[in-house]
Amino acid sequence: MKSILQRGFTTAEFEMRATKAQQKMRELEVDAILLTTEPNVRYFSGFHTQFWHSPTRPWFLILPAEGKPIAVIPEIGASGMAGTWVEDIHTWASPRPDDDGISIVASVLNSLPSRFGRVGATLGIESHLRMPVANYLQLTTLINKEFVDVSLAVHELRQVKSEAEIEKVREICRITNVGFDKIPGYAKAGMTEREICKQFGIDMLMEGADECPYIIAGSGQDGYDSIIMGPTDRVIEDGDVLIIDTGAVRDGYFSDFDRNWAFGHASEQTKAAYRATYDATTAGFDAARPGNTTSDIYNAMWKVLEANGALGNDVGRLGHGLGMELTERPSNTATDNTLLVPGMVMTLEPGMVYAPGKSMVHEENIVITENGAEWLSKRAEPELLIIK
């Protein structure tokens with residue numbers, strides 16, 4: 001069943017996002033927010049293009065204290081931005097290294113009412129400015145306002161998804177599950193990691209994914225030692241364990257979960273490690289409810305892993321936020337302590353080192369609801385699947 005979910009969002013969706021951001025701006029006492037990265041520009045404008053892969057040109061979106069966002073963009077994107085709900089669009093012939101839009105951005109910011117004399121920008125945690133540092137420093141001298149960090153506030157706005165956003169994640173999770181479900185039908189010893197992952201990506205594309213930018217694989221005799229490399233040309237052998245982790249995309253929203261298989265046979269130790277991560281996922285799911293925190297999720301999962309002999313966890317966290325980006329805030333760690341609220345889309349990703357050089361990682365996608373959590377990915381089997 002190919003995807004039939006409507007693409008894009010209604011104007012009402014963008015109005016809601018702007019209104020929530022402007023409420024937060026009043027609390028933070030900023031007159032405007034300057035947005036420069038693809039996810040943030042797209043979130044508030046609906047401007048969705050692959051052209052961000054070109055690093056040459058900077059793009060700017062300004063959200064004032066009242067009203068619609070204002071775009072300051074290279075003229076090559078004018079017609080695309082005109083197709084969004086944004087009406088006030090300023091352009092220049094980019095690239096223009098001597099003044100790549102900076103004077104226009106300064107002019108727009110200086111023209112806005114100055115109640116607080118402050119402009120917000122994503123200067124802090126898990127953020128960056130997609131513009132030359134020299135241009136940013138120049139901009140600070142051209143405007144009559146002070147720049148302040150609003151990165152955490154922008155993260156908080158985006159991490160609570162609307163129903164329309166949740167449906168997009170739900171659909172790409174369905175597509176991803178279709179791809180995973182087909183793997184036991186063709187994967188076999190003698191194939192390479194790359195060959196298996198290539199077919200996996202094709203199956204997701206055929207089912208309705210727009211792209212599959214993140215497909216990793218790790219394999220080894222009775223276990224693997226990495227979950228961020230590959231796929232490689234390593235040939236799968238009898239007795240190998242294979243993990244594939246993917247982030248597929250449809251209409252700008254990611255899935256992010258993995259699956260594990262053994263070929264021919266697996267040791268009881270490896271099977272037990274798989275059961276431990278599966279049980280840890282269950283514990284994380286039970287803890288994922290409004291009023292609890294990301295640290296409650298972490299502690300619930302780590303307790304299970306530790307009780308099952310985990311030697312450690314070299315991932316650093318046991319899950320994270322998910323949406324327009326493969327990984328978003330918050331993180332499931334012992335110290336993150338982000339309060340869980342309905343609408344947060346997250347991954348549960350318990351992982352453990354269960355023997356020297358051997359890890360087991362299990363990942364699923366969920367959404368926090370009023371009454372607890374809901375699975376967005378179809379859960380993996382409770383026992384390690386053996387491909388004969």
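In this predicted model, Ala121 stands opposite Asp149 of strand β6. The two strands concerned, β5 (residues 118-121) and β6, pair in the parallel sense over four bridges. Strands of a sheet pair through backbone hydrogen bonds, either parallel or antiparallel.

The wider sheet is open and contains six strands in the order β4-β3-β2-β1-β5-β6, with mixed pairing. Because β4 (88-92) and β6 (146-149) each have a single partner strand, they stand at the edges, and one side of each is left without a neighbour in the sheet. From one strand to the next, the twist averages 25°.

Helices lie across this sheet. Helix α4 (residues 102-111) lies across β1, β2, β3 (70-74), β4, β5 and β6, and runs at about 5° to β2. Helix α2 lies across β1 (32-35) and β2 (60-64), running at about 50° to β2.

Helix α2 (residues 38-45) also packs with helix α1 (residues 11-28): their axes come within 7 Å and cross at roughly 115°. The two helices are therefore roughly perpendicular to each other. In this contact, Phe14, Arg17, Ala18 and Ala21 of α1 meet Arg42, Tyr43, Phe44 and Ser45 of α2. The residues of the contact divide into five nonpolar, one polar and two charged.

Turning to the cysteines, a search of the whole structure finds zero disulfides. For Cys173, the closest cysteine sulfur is that of Cys212, 13 Å away and therefore too far for a bond. For Cys197, the closest cysteine sulfur is also in Cys212, at 11 Å, again too far for a bond. Cys173 counts as buried at 0% relative accessibility, and Cys197 counts as buried at 5%.

Technical notes:
Residues numbered from 1 in each chain as written. Predicted model: local features only at pLDDT ≥ 70, side-chain atom pairs only at ≥ 80, totals over all residues. Heavy atoms only, no water. Axes fitted to C-alpha atoms, helices over the stretch in contact; angles between N-to-C directions. Parallel < 35°, antiparallel > 145°, perpendicular 65-115°, else oblique. Contact = heavy atoms within 4.5 Å. Nonpolar A, V, L, I, M, F, W, Y, C, P; charged D, E, K, R; others polar. Disulfide = S-S within 2.5 Å. Buried < 20%, exposed > 50% of the residue type's maximum accessible area, 1.4 Å probe, protein only. Pairing = 2+ DSSP bridges.
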